[in-house]
Amino acid sequence: MSLKQISVFLENKPGTLHAMTTALAQNGVDMRALSLAETKDFGIVRLIVDNVYDATTVLKDAGFIHSLTPVLGVMIPDEPGGLNQVLQVLNEAAVNVEYMYAFLGGADADHAYMIFRVQDGEAATAALTAHGIRLVDQDEVAGL
Amino acid sequence: MERYYQPEIECASREQILAWQNERLVKQVQHVWDNVPYYRKKMEAKGLTPADIKGVDDLHKLPFLSKADLREAYPYGLVGMPLKDCVRIQSTSGTTGKRVVAFYTQHDIDLWEDCCARAIVAAGGTNEDVCQVSYGYGLFTGGPGLNGGSHKVGCLTIPTSSGNTERQIMFIRDLNATILCCTPSYAAYIGETMRDMGLTPDQIPLKAGIFGAEAWSEEMRQDIQNTLGIKAYDIYGLTELSGPGVSFECSAQSGMHINEDHFIAEIIDPDTGEVLPEGSQGELVFTSITKEAFPLLRYRTRDICSLSREKCPCGRTHVKMVKPKGRTDDMLIIRGVNVFPSQIETVLLNYGYPANYQIIVDRVKSTDTLDVHVEMTPEMFTDNLGEVSRRQDELVDGLRSMLGLAAKVTLVAPKSIVRSEGKAVRVIDRRKI
């Protein structure tokens, strides 16, 4: 079970991020989570959105290069040690985390959500599920 | 089966070509001596009279003409015919300084169009073809030259001129154009636009392209051939000598046959002016032996290339020039190293990037910097930051080994580099020297 993350190439110069968010906003795309990784002259914006098809169409029309990357959306109890518990499971299953970022759970105040990009998605899903940790799917994200 | 426009000339024996050259050169020197005081003074300064030039072997004695001479003599100083006998002017784009104005008699235009017709037939053109000329018409020689050549071959000619890419594509598709003539950068842009429209090569009626007026790499040729599903042929020329058609590629696609019945080519050392032995690389110098209105002797082109007399499988006997890397004007000197934009293009295409690039040269604290802007493509993009950076580093390494100096590579957004409908703007030099 994985989420489709949209990764967008951005030139590292003033106004490019805004141009992207403008395109998404004008077309009513709702972002659920966003993270920005950058080097000196370019950046990659990673997005989780309500409607992947609409968002990618908008981005393509606006001339943004993007790709889809499978990631895991993990529900984490919003309490001390919540994230630690998840990482412990992944560690025991020898799953390497490439990057991760957080988003808060909207109306659901008891939980936070983390996005994980891991090398072995299947192993991670199996390990997390076995320990009763809930993963969210695309439909669920859209409804949040 | 190779076809020729003027087989008796294009496949003439070496002896015949030399005989033409000897006879025409002697006549041309006399014509210039009698009618172009500007050049006569140059000859007199070297103690020469027409009697000293008995044939091609004496060519090296004659003084050179350079672009600076053309500017000095502007506008009429090098005209060899009374203006009442001249019917047209054409002019350079003036990108490297003052415009050059060249003059033509009706006879000059006729011979020039023959040269272009040879190029079109060498690219497979016949009177069954539909030839779209997307070079600029007007002062630029590209449009008028290929237009005239296309008429001579008997192609149905579509004179679209450059610009309005949607309309170019509409004509190519609606009228089933089979031959496209334009600059290579515009051909690449038309190809890119067609691909974006979802057209595959088999849906494009074109079969050949004749592309010139700027230096382009072998890799760019492959790229254009694949996108448009055509054979792409190079054509070379200078306004100063007539326009496109001074030389052209044949089916062998390995160098351009110089129309030696009209132009004598030499390769010289650009620094000393000495004629170099056959096969050496150096600056190309042309003597036009049939032009009446603008008869230039030993004109320095600033193009760096070499000549080859190796037998060509196409059957043509005229000498071939290898693809020039670019004009000495285009050559950048960065930290003392000579860099041609076409070398950078070769590296980019080798690493899978498109030929959409711009070279930015600057001087920071008295050191030259070279920054190559390359457009990111969907194929090259991945979510993995390390992987993208690795590809960027790979390109930096490739440039270093090609150029012998460190360059920076900046990945920029797609379509952010302005597309050209004529000659592409490849270099932005911000150095204030």
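Trainee: Asp69(B) counts as which, buried or exposed?
Mentor: The model is a predicted one, in which local features need pLDDT of at least 70, side-chain atom pairs count only at pLDDT 80 or more, and totals for chains, interfaces and linings use all residues, while side-chain values use heavy atoms and leave out hydrogens and water. Residues are numbered from 1 along each chain as its sequence is written, with chains lettered from A and ligands numbered from 1 in the order in which they are written. Buried means under 20% relative accessible area, exposed over 50%, and partly exposed in between (1.4 Å probe, protein chains only). Because its relative accessibility is 9%, Asp69(B) counts as buried.

Trainee: How many residues apart are Lys42(B) and Asp69(B), which meet in a salt bridge?
Mentor: A salt bridge needs a side-chain nitrogen of Lys or Arg within 4 Å of a carboxyl oxygen of Asp or Glu, and the N to O distance for Lys42(B) and Asp69(B) is 3.3 Å. The pair links distant parts of the chain, with Lys42(B) in helix H3 and Asp69(B) in helix H4 of chain B, and their separation is 27 residues.

Trainee: Arg14(B) forms a salt bridge with Glu260(B), but how many residues apart in sequence are the parts that the pair ties together?
Mentor: The closest N and O atoms of Arg14(B) and Glu260(B) are 2.8 Å apart. Helices (H or I, at least four residues) and strands (E, at least two) are DSSP runs numbered from the N terminus. Arg14(B) lies in helix H2 of chain B, whereas Glu260(B) lies in the loop between E9 and strand E10, so the parts tied together are apart in sequence by 246 residues.

Trainee: Which of its strands does Glu283(B) reach when it forms a salt bridge with Arg300(B) in chain B?
Mentor: The closest N and O atoms of Glu283(B) and Arg300(B) are 2.6 Å apart. Glu283(B) sits in strand E11, 17 residues from its partner, and Arg300(B) sits in strand E12.

Trainee: Which strands stand at the edges of the open sheet of nine strands in chain B?
Mentor: Two strands pair if DSSP finds at least two bridges between them, and here the order is E4-E3-E5-E6-E7-E8-E9-E14-E13, with mixed pairing. One side of each edge strand is left without a neighbour in the sheet because each has a single partner strand, and the two in question are E4 and E13.

Trainee: What angle does the direction of helix H8 of chain B make with that of E5(B)?
Mentor: Within the nine-strand sheet, E8 and E9 of chain B run antiparallel and are joined by three bridges, and Ser247(B) stands opposite Ile258(B) in E9(B). Helix H8 packs on this sheet and touches strands E5 and E6 of chain B, a contact being heavy atoms within 4.5 Å. Axes are lines fitted to C-alpha atoms, for helices over the stretch in contact, with angles from 0 to 180 degrees between N-to-C directions. On that basis, the direction of H8 makes with that of E5(B) an angle of about 125 degrees.

Trainee: How many degrees does the twist average from one strand to the next in the open sheet of four strands?
Mentor: This sheet of chain B has the order E19-E18-E17-E20 and mixed pairing. Its edge strands, E19 and E20, each pair on one side only. From one strand to the next, the twist averages 20 degrees.

Trainee: Which residue in E18(B) stands opposite Arg363(B)?
Mentor: Strands E17 and E18 of chain B pair in the antiparallel sense over eight bridges. Opposite Arg363(B), in E18(B), stands Asp368(B).
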